[in-house]
Amino acid sequence: MAQAEAFETDFWKDANLRKTWDDIVPGEPRKTIPYTLTRQAIELYCKSVGETNPIYFDEAYAKTTRYGGLIAPPSIHILLMFSCTPADDWMRSPGTVNAGQSWSYNIPARPGDVITLQARALDKFIKRERLFVVHDNVFFNQKGDVICSGRGWTIRPM
């Protein structure tokens, strides 16, 4: 398995740059950046989550499937969420708690796809002294096809 580019694992790094509760504006698009999904990134992701299905890393096998080639697992959107957002994105804030999510998967991402993200906060509210944000996210490939879309709820750090 080849080495993928190093991914920053220190979520406190650049924490002072991240948007705060007051900076989150419902309806305002979040700043995102394109990300080229590599075979190496898919393999590293699969290794980290214990995914062993050969459709994700055995090209000869993947060609015999209905997909006709390598694909990424549907849960790759977790990696993409961080890969497609800059260091100052509020979703990267240490202490953020995932309070729930719902995803729809349309087509698989593939090695070489240039992934873009359209994302925004839909609502924010305080309940039981906790800061909640409802947000939606849609991932596209370079052809403009929707890979997956989801809505999530997070509890923001105070």
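**Exercise 1. The turn between β3 and β4**

Is Arg128 buried or exposed, and what is its relative accessibility? Work from the predicted model shown above, and then describe the loop in which Arg128 lies.

*Solution.*

Step 1. The relative accessibility of Arg128 is 70%. A residue is called exposed when this value is over 50%, so Arg128 counts as exposed.

Step 2. Arg128 is placed in the loop that runs between β3 and β4. Glu129 is found in that loop as well, and Glu129 is exposed, with a relative accessible area of 68%.

Step 3. The backbone is considered next. Arg128 has a phi near 50°, which is a positive value in a residue other than glycine. Glu129 likewise has a positive phi, near 60°, and is not glycine.

Step 4. β3 and β4 form a hairpin with two residues between the strands. Beside the turn, Lys127 has Arg130 of β4 as its bridge partner.

**Exercise 2. The order of the strands**

Determine the order of the strands in the sheet and state which of them stand at the edges.

*Solution.*

Step 1. The sheet is open and has five strands, in the order β1-β3-β4-β5-β2, with antiparallel pairing. Strands of a sheet pair through backbone hydrogen bonds, and the pairing may be parallel or antiparallel.

Step 2. Begin at the β1 end. β1 is joined to β3 (residues 114-127) by two bridges, and these strands run antiparallel. Within this pairing, Tyr35 has Ile115 of β3 as its bridge partner.

Step 3. Continue from β3 to β4. These two strands pair in the antiparallel sense over 11 bridges.

Step 4. Pass from β4 to β5, where 10 bridges join the antiparallel strands. Here Val138 stands opposite Ser149 of β5, and Phe132 has Ile155 of β5 as its bridge partner. The hairpin of β4 and β5 has five residues between the strands, and Gly144 takes a positive phi near 85° in it.

Step 5. Finish with β5 and β2, which pair in the antiparallel sense over eight bridges. In this pair, Asn98 stands opposite Thr154 of β5.

Step 6. The edges can now be named. β1 (35-36) and β2 each have a single partner strand, so one side of each is left without a neighbour in the sheet.

**Exercise 3. Burial and the nonpolar core**

How many of the residues of β4 are buried, and which residues touch the most other members of the largest nonpolar core?

*Solution.*

Step 1. A residue is taken as buried when its relative accessible area is under 20%. In β4, nine of the 11 residues are buried, so this strand is largely enclosed by the rest of the structure.

Step 2. The largest nonpolar core has 23 residues, of which Leu37, Ile76, Ala109, Ile115 and Phe139 touch the most other members.

Step 3. α1 (39-49), α3, β3 and β5 each supply at least two residues of this core. The largest share, four residues, comes from α1.

Step 4. As background, nonpolar side chains tend to be buried together in soluble globular proteins.

**Exercise 4. The second largest pocket**

Describe the volume and the lining of the second largest pocket.

*Solution.*

Step 1. The space in the second largest pocket is about 370 Å³.

Step 2. Its lining consists of 21 residues, and those nearest the centre are Met81, Phe82, Met91, Asn98 and Thr154. Two or more lining residues are given by each of α3 (77-83), β2 (97-105), β4 (130-140) and β5 (146-156). β2 gives the largest share, five residues.

Step 3. By type, the lining residues divide into eight nonpolar, 11 polar and two charged.

Step 4. Two residues listed at the centre were met in Exercise 2: Asn98 stands opposite Thr154 of β5.

**Exercise 5. The annotated span and a contact along the chain**

State which residues UniProt lists for its domain entry, and locate Lys13.

*Solution.*

Step 1. An unreviewed UniProt entry lists residues 27-148 as "domain: FAS1-like dehydratase".

Step 2. In the model, this span is 19% helix and 32% strand, and its end C-alpha atoms lie 20 Å apart.

Step 3. Lys13 lies in the segment before β1 and, at 42% relative accessibility, counts as partly exposed.

Step 4. Lys13 and Pro94 are 81 residues apart along the chain, yet their C-alpha atoms are separated by 9.6 Å.

Definitions and conventions. Residues are numbered from 1 along each chain as its sequence is written. This is a predicted model: local features need pLDDT of at least 70, side-chain atom pairs count only at pLDDT 80 or more; totals for chains, interfaces and linings use all residues. Side-chain values use heavy atoms; hydrogens and water are left out. On a 1 Å grid over the protein atoms alone, a cavity is a set of points where a 1.4 Å probe fits but cannot get out, and a pocket is an open set with protein on both sides within 12 Å along at least five of seven lines; lining residues have an atom within 4 Å of a point. Grid points are joined across faces, edges and corners, and a volume is the space filled by probe spheres set on the points. Ala, Val, Leu, Ile, Met, Phe, Trp, Tyr, Cys and Pro count as nonpolar, Asp, Glu, Lys and Arg as charged, and the others, Gly among them, as polar. Two strands pair if DSSP finds at least two bridges between them. UniProt positions are given in the numbering used here, feature names are shortened, and annotations may be inferred rather than shown by experiment. A nonpolar core is a set of buried Ala, Val, Leu, Ile, Met, Phe, Trp, Tyr and Cys residues joined through side-chain atoms within 4.5 Å. Buried means under 20% relative accessible area, exposed over 50%, partly exposed in between (1.4 Å probe, protein chains only).
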